[in-house]
Number of protein chains: 2
Amino acid sequence: MTAITLRQLRYFSVLSKSLQYRNAARQLGISQPSLSLQINALEETLGTRLAERRRSGLILTPEGREVAAQAEKILQDVEKLYRISGPSENRLTGTLHLGSSPTIGPYLLPRVLRQLHTAYPDLKLVIRDGTPREMTEDLLAGKHDLVLTQLPIARDDVSHKFLFREPLYLAVPREHRLAGRDHVKKMDLAGENLISLNSSYMLSRQVSELCAASGARLRDDFEGTSLDALRQMVSLGMGMTLLPALYAGSEVKPGEGDVAITQMKPGLYRQAGLAWRRSSGTPASFLKLAEFIRGVIAKEFAGKAFL
Amino acid sequence: MTAITLRQLRYFSVLSKSLQYRNAARQLGISQPSLSLQINALEETLGTRLAERRRSGLILTPEGREVAAQAEKILQDVEKLYRISGPSENRLTGTLHLGSSPTIGPYLLPRVLRQLHTAYPDLKLVIRDGTPREMTEDLLAGKHDLVLTQLPIARDDVSHKFLFREPLYLAVPREHRLAGRDHVKKMDLAGENLISLNSSYMLSRQVSELCAASGARLRDDFEGTSLDALRQMVSLGMGMTLLPALYAGSEVKPGEGDVAITQMKPGLYRQAGLAWRRSSGTPASFLKLAEFIRGVIAKEFAGKAFL
DNA sequence: GTAAAAAGATTGGTTTTTCCTATCCAACGG
DNA sequence: CCGTTGGATAGGAAAAACCAATCTTTTTAC
């Protein structure tokens, strides 16, 4: 048994409106016999007569009416297929799966999403958190289309676009001797305790390096799993740590709470970017999204992050 | 530019689930190269890559995910096409356009429709009234699939199925000398006035014939356009007329109102049937519907109409 | 009533599409 | 480093779609 084809549905759709073979065939740019054969094949496949052939116009059978209606619906849905990728060069549409680092996403994405929704209502982002290590795996495995993560990325099967550079501030307990200082130099940290996230976060490596360079001690009896947990530990006097500017700006009020924020001199920074599989090419939509995020940062995080 | 085909969508649908060419090709019962070519053609047509080919499984692009979802929808809708005529030999489904005579339909169809809806919930009847003359035209023009009308039908391009035979009763003003009589013979009508519907109704011909046979006078200064109008005229004393049993049974209460109903002896009858274009064949659904109507009559109009 | 016109069905042969087998090439695993 | 795996490519055969020409029947015109 031969299957239905879209060609048959297209032909029958036109025929059901024109109600005349020759006319319909002309509209379709084919010969009348071709049309006849296709309609016959469709009837054969469905096992029903779709129209009564009469010299003066066709009459659709009840089944023919239903088939025509259903065919119409199908053809419209097929038309939508063409539009899925159609004007997407210029517009952001569809659904993107975005992996997000827990140290960046929660403090950046809320504002991005709000503006994104008004600017590109047809774009839907599915966001999933994960440690940077997991995220790279999941990106390569196809669970994400792109990930928002800290740079640099040391893999050659992943492409990326730089988004922003963000200062890292020193967070100390409020009653600590360094609290309230205008700025802190590395050597000021000699002998102090530093705590950090667990090692799958890049931030932890920067804390380690700071320890090595300054003579501070890295407490290995505790590793936070979130920036909030880290801040709590600092406030409890377990030690000091580095907190990203975006986080500090949104979660630590100057002069309030048990944690004081101080700039480092010279400054420490981290970089964030948008990354994707090299094998996915470099879809225009990815660059477009990156550009949009940079726009949001420029407007909403002026002074806290640098493009 | 080549068009999308259902074949391509079917293939891509399976591929998007299996995420492996060889596997998908085996499921589809085709060779792997055939699958490759069809998918390539689809990508070419849409102008987008739908999947990243990697040795370890495919990864759908965002567009690929959308196309897969839309294809799924389309394929399901196509499946419905097969079902339109599928089990319809056994079942009544879809939409039938039924033309109905104003002297039969309103008094028969309400009960038929109620039972029809419970017995065949998937059948929809679109009912349009019209004079018998119009109806035959509209039937042949394709505006109706079938018509409920009085028999006989004198056209060889129309087939029909007999439904029931229905007595015609004499309706006289209540104060008339014939009111209350057990039965009336033709000769009793000599010299009386008879009124009838306009001539496009078959009932009018039977009134004419009764006049000719009995010596009654046909008043040509009035022609009703509905049975209700006719009854009103009788009650106003304009004359007497013939009313079908189904109408009389539903609209004229014995002993009430200004009109009295009397049987004729020997009886007068009319026949009703379901008719359709000969060129539409004789769809099983038509006969099925006719049988169903006869069933309703047997149950609900016992004694008033005869099968 | 008859002839011309119109409209769908049929036929035969050509072009296009689809498919398969065989082969190739890159990535991965041991 | 070599064998295995999985998608891409090439060539030729089978199937499908198409058109021009023709046939048959209905409709229209005179």
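**Strands, chains and DNA: a quick tour**

Okay, let's start in chain B: strand E6 and strand E11 (residues 259-264) run antiparallel, with four bridges joining them. Keep in mind that this is a predicted model. If you want a spot to click on, B:Val172 sits opposite B:Ala260 in E11(B).

E6(B), which covers residues 158-173, has other partners too. It pairs with strand E12 (residues 268-277) of chain B, again in the antiparallel sense, over ten bridges. There you'll find B:Pro167 facing B:Tyr269 in E12(B). Then there's strand E10 (residues 241-244) of chain B, antiparallel to E6(B) and joined to it by four bridges. In that pairing, B:Ala171 is opposite B:Thr241 in E10(B).

Now, the two protein chains. How many residues of chain A are in contact with chain B? It's 34, and they meet 34 residues of chain B. On the chain A side, helix H4 (62-85) and strand E3 (94-100) each put in at least two residues. H4(A) gives the most, with 15 residues. By class, that side of chain A has twelve nonpolar, eleven polar and eleven charged residues.

Last stop, the DNA. Strand D has 21 residues around it, and among the closest are A:Ile30, A:Ser31 and B:Tyr21. Which helices supply at least two residues each to the surface near it? From chain A, it's helix H3 (32-46); from chain B, helix H2 (21-28) and helix H3 (32-46). The largest share, four residues, comes from H3(A). And by class, the surface near DNA strand D has six nonpolar, nine polar and six charged residues.

Definitions and conventions: Residues numbered from 1 in each chain as written. Chains lettered and ligands numbered in written order. Predicted model: local features only at pLDDT ≥ 70, side-chain atom pairs only at ≥ 80, totals over all residues. Near = placed C-beta within 6 Å. Nonpolar A, V, L, I, M, F, W, Y, C, P; charged D, E, K, R; others polar. Contact = placed C-beta atoms within 7 Å. Pairing = 2+ DSSP bridges.
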